[in-house]
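Reader: I should be grateful for a close look at the enclosed space within this protein, and at the charged side chains that pair with one another. Please take the cavity before the salt bridges.

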Amino acid sequence: MRVLPGTKYQGNRVLAVPSEMILSASQIAQEFRGYVESALQTLEQKGYLHLQPHFHLFLKILMEYEKGESSAYYPWLNSLPRRWNTAVSFDYFCMSTLPPYIKKVCQKKRDELSAFQESLKYFDYILPETKSDDELVKFAYNVVMTRILPSQEDHNIVPAADYFNHGNEANIVICYNNNNNNEQTTANCEVYASRDIAPGEALTLTYDMPTNPSHLLATYGFLNEAPATYCKLLFTNPSEKLKQIGYDPSQLVFSTQDGSISSPIWDVILYSKLERAPGMAEAKNAFYEAHMSGDEATKFAIHSHFQEATCTVLLEHVETILKEVSQLTCMMEQFRDEDRHPRLPLLMEHHAMVTSTFSKVRDNLRSMY
């Protein structure tokens with residue numbers, strides 16, 4: 001969505017959507033009370049009860065779709081894409097071309113859809129032919145996962161407000177205003193400019209972490225121009241202390257511009273090495289205490305002592321990722337058939353971004369020896 005002629009100044013309202021058009025997960029939960037419990041029980045058994053708000057919206061989308069033109073949401077539903085590039089839309093060949101981290105992220109999304117499909121069987125108020133239509137079920141899942149707008153109190157889908165594209169730096173903010181002062185109804189949705197916006201400039205929200213393009217691709221089906229990307233370090237069952245040291249994908253990033261390495265990466269690699277190495281308990285405890293107390297001088301001293309070892313670990317990791325992505329890219333090119341696998345170009349673009357970034361990191365690491 002773009003600004004029409006006339007500058008939108010900071011604080012100006014750019015869109016208003018009345019409450020009666022907002023799909024509210026909490027309101028839908030009340031509407032379905034007494035009818036959806038068997039489905040929710042299945043969702044819980046599958047381990048996805050935390051997605052209950054999303055599941056309620058998913059059911060509502062399918063019910064409104066069945067109404068066709070008689071649904072108040074028909075014009076909006078009819079405007080939505082029918083072709084998606086999200087993880088649940090990848091075919092098996094596409095999945096086989098993914099390196100471990102993004103493959104794990106994509107598989108999680110596919111498992112969510114599978115849980116929704118299984119739970120749907122136990123909701124009696126949707127037609128059997130709808131339940132058996134895999135493409136329609138996938139459509140409803142994609143609508144929810146790509147268009148939901150979490151608020152402090154609820155999970156909403158707001159027709160028209162869901163048209164705003166992603167930007168690494170948002171220039172609008174979404175607010176909910178209950179003019180009726182009625183806590184039992186969904187508030188109106190209002191969208192305001194968070195800064196001055198020039199004519200023709202896109203209005204943007206930030207969907208998710210800009211530094212995790214793999215997650216954006218899996219969930220929303222596009223690659224952003226990321227300023228940085230997750231370094232792909234994966235630890236099985238990381239300790240609580242390793243998490244406290246900084247094992248968090250939002251922090252463990254490489255710059256896509258110059259291959260610079262965020263400081264939490266060094267912390268995590270060093271601490272994980274000290275955790276596993278025999279005879280390193282004293283250094284491990286000293287580093288942990290220094291990190292938790294903010295003693296940067298002690299941390300720097302321990303880092304300096306182990307610099308060559310940590311550089312070697314990180315360089316081996318980077319070279320492993322580069323080799324793996326190169327092999328997968330060759331497989332893509334060898335079997336490239338965009339008619340059969342229309343999402344391959346997007347995945348090749350992802351692999352090229354990883355290759356470019358990790359090559360810069362490799363060069364930086366080699367210069368440290």
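Author: The model is a predicted one. When the whole structure is searched, one cavity of 30 Å³ or more is found. The space in this largest cavity comes to about 40 Å³.

Its lining is made up of Thr86, Val88, Lys109, Tyr141, Asn142, Met145, Ala218 and Thr219. Sorted by class, these are four nonpolar residues, three polar ones and one charged residue. Two helices, H8 (134-147) and H9 (213-220), each contribute at least two residues to the lining. Helix H8 gives the most, with three residues.

Helix H8 also carries a pair of oppositely charged side chains, and this leads to the salt bridges, of which the structure holds 14. Side chains of opposite charge can pair when their charged atoms come close. In helix H8, glutamate 135 and lysine 138 are three residues apart, about one turn of the helix. Their closest N and O atoms are 3.6 Å apart, and the two residues form a salt bridge. The partners differ in exposure: glutamate 135 has a relative accessible area of 54% and is therefore exposed, whereas lysine 138 is classed as buried because its relative accessibility is 19%, the limit for buried being under 20%.

A similar spacing occurs in helix H3 (residues 52-67), where lysine 67 and glutamate 64 lie three residues apart, about one turn of the helix. The side chains of these two residues meet in a salt bridge, with 3.1 Å from N to O. Here the glutamate is the buried partner: glutamate 64 has a relative accessible area of 6%, while lysine 67 is partly exposed at 44%. The pair belongs to a wider arrangement, since a network of salt bridges links Glu31, Lys60, Glu64 and Lys67.

A further salt bridge joins arginine 362 to aspartate 363, with 3.8 Å between the closest N and O atoms. Arginine 362 has a relative accessible area of 23% and so counts as partly exposed. Aspartate 363, with a relative accessibility of 42%, is likewise partly exposed.

Taken together, helix H8 connects the two parts of the request: three of its residues help to line the largest cavity, and glutamate 135 and lysine 138, which form a salt bridge, both lie in that helix.

Conventions:
Residues numbered from 1 in each chain as written. Predicted model: local features only at pLDDT ≥ 70, side-chain atom pairs only at ≥ 80, totals over all residues. Heavy atoms only, no water. 1 Å grid on protein atoms, 1.4 Å probe; cavity = no way out; pocket = protein on both sides within 12 Å on 5 of 7 lines; lining within 4 Å. Points joined across faces, edges and corners; volume = space filled by probe spheres on them. Helix = DSSP H or I, 4+ residues; strand = E, 2+ residues; numbered from the N terminus. Nonpolar A, V, L, I, M, F, W, Y, C, P; charged D, E, K, R; others polar. Salt bridge = Lys/Arg side-chain N within 4 Å of Asp/Glu carboxyl O. Buried < 20%, exposed > 50% of the residue type's maximum accessible area, 1.4 Å probe, protein only.
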